[in-house]
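Visitor: Could you walk me through this one?
Guide: Sure, let's pull it up.

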Amino acid sequence: MNETLTNNSIYIKSWKLAILVLILAAVFRLWGTFDLSEYRDDEFLHATYAKSLGAYGTTTNWGWHHPQLSGLIMYGTIKLFGDNPVGWRSSNIFFGTASVILLFLIGRMLYPGTAVPIIAMSLLAFDPHNIYISRTTLVEIPVTFFFLLYLCLLLEYVENNRATLPFAGLAMGLTMGTKAYFVFAIPLSVMYALYRIRRRGELTRAVMADFLIALLMLPFAVYFLTYVQWFSRGYTLPEFIQMNIDSAWALQKLSMDNFFMHRDFLEAGGTPVEWFVKPMFWGYQRLLNSEAGQFLLHCNNPPFRLLVLPALFAVSLNAWMKRSVREFLAPLLFISCYLLILLAQRPIFSYSSTGLLPFAYLALARTVTIFAVKINREKVVYACFISAILIWGTYMFPLVSARLVPLTPFRPILSMVRYMGNF
Amino acid sequence: MPFRSVSITAIMIFFFGVLVWTFTYGPARRTFVVPGKTITVQSVSEIDGLWHTSGLHGRIAVIFARHLNLLSLGSSFPDGSYLDNAMYHGIVRKAYYIVPDRFWPEIISLNKMKGALIVPLKPTDTGFIMLHEAGRIHIMPLSKYIPETGDEKALVVLEPRVWPQEEQSRIEGFIKTGQLITDLMAVVGGEATSAAIQN
């Protein structure tokens, strides 16, 4: 039976399924997020950081190492909604949900005419750990959103010839102003864009000038402006450069001793090398009795993230055989971000994997489509895979969102927990 | 293409505007004491109030004392939080903590406690730098100190009783020769140096 899908299949061209996934992504990130009225994880640090940043242009904790935009955004939502869970968490709910649709749009441009976009967005939408992080104040969510926005706008310019280059530069500046996860991925994506334009024979001096202005001058101007509060403390550009050198030095000096209060939690999340290799669950609980409780579990989305490294290999091999740089972009972006984390000489919390997920899931989705085409069972494979993603995400949702649940259905997961604190 | 030329022009104006802004906005936000003055305070705890009530912002502080904010360095020095407080509130953006040479070994021994700090002290040719959340604090013995504040007026704190005559003369020399310009000098528990500002 030939199951080759037409372009108007629900898995390829239709927006209906994408919108449904997006709505569910929003529900999973929003439902009950504001019920927990106390700080959790690093929320106390982030909220204090944001309020101090807004009021005095500096932090009252060690967050000075990192760029300031996420703190300013949170300060804005606190001013708007108050110093309460809505003020703390609302921006991450938006950025986490919006990242899902951006991944869909990027998938459409990198793998047109395939089911990659819908599968990749589903993987991100129902990733229990991404849902968890999107319901907190962690900076990994906004920085990933800004990078995906930048990449989407850059690809629109490169692949669809739209006048989005200045907007890509704007988003690049916002990415730089949030955190440094994409310091290798940004130049890599620029090189990709230049390569694609050159392959089309359109790389003129005017295009080079456009790149220089839109993707160098504009992002740096935006980046400087994200430090408006810091500059308001009397500083100038040479002091800004000095501060950045200091922060890079200080980050390299961090050791496990600096995290002694969270040592068990940090170690339970595994080293970066383990993130895509070993299944891991850890987190916090509040037991009502021996039969029911609430949980805030972290995990590395075991069934799917463990497939990522083989998938990256398969996609890279496929790209090599097809001599397609476009097919190779997702693995390259993954490697560039992962390399930065692996090279960092300091302990890293596992939520730093958030920035890797879009490229990991694009690669995994691409592998699924290659496999489905190969066995000529596209509809069945896509339906099964997306259903599995949805079922797993729905099953895990109560454990990552502090819903009151009976323990019995979740004992298989709870028996695998590496560290369990109380909240 | 008109859109292209308009957007390129707009971005270039924006970029150079922001670049100029990074050099001018901060200095424009700094506030000074006019006319400059020298104040004698009984303890460093009074400096906190003095700096707050003087309407200062975005300043460099140069502190000639035996103790600084030793809270961060692991000591229980009781009045040490004035600099922390000033830095968090944007009064001071950068500080120089100059100690008498004979107390320098004591400071170095505190440096060995760096495990207690989230960010270790950064060694330099002259001493080390505490990378405070709200700015740099340069720490060095007087013999290594050469004022580098340029034309910018600094907030000076001087604790005369801890300085031998020879070192106090050196500090006076910085102020007399204009190497160190100050608009607010706080003298802790003693007479102002004879070279105190003349405004």
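Guide: First a definition: axes are lines fitted to C-alpha atoms, for helices over the stretch in contact, and angles run from 0 to 180 degrees between N-to-C directions. Helices (H or I, at least four residues) and strands (E, at least two) are DSSP runs, numbered from the N terminus. This is a predicted model, where local features need pLDDT of at least 70, side-chain atom pairs count only at pLDDT 80 or more, and totals for chains, interfaces and linings use all residues. Residues are numbered from 1 along each chain as its sequence is written, with chains lettered from A and ligands numbered from 1 in the order in which they are written.

Visitor: At about what angle does helix α2 of chain B run to β1(B)?
Guide: Helix α2 covers residues 45-53 of chain B. It lies across β1, β7 (154-158) and β8 (182-188), and its angle to β1(B) is about 145 degrees.

Visitor: Which strands stand at the edges of the sheet in chain B?
Guide: Eight strands make an open, mixed sheet ordered β1-β8-β7-β2-β3-β6-β5-β4 (two strands pair if DSSP finds at least two bridges between them). Two of them have a single partner strand each, so one side of each is left without a neighbour in the sheet: β1 (37-41) and β4 (122-123).

Visitor: Which residue is the bridge partner of B:I98?
Guide: Strands β3 (residues 92-99) and β6 (residues 135-141) of chain B pair in the parallel sense over five bridges. In β6(B), the partner of B:I98 is B:M140.

Visitor: Is A:A168 buried or exposed?
Guide: A:A168 sits in helix α8 (residues 165-176) of chain A. Buried takes 20 or more other C-beta atoms within 10 Å of a residue's own, exposed 12 or fewer, partly exposed in between, with C-beta atoms placed from the backbone. With 27 such neighbours, A:A168 is therefore buried.

Note on methods: Contact = placed C-beta atoms within 7 Å.
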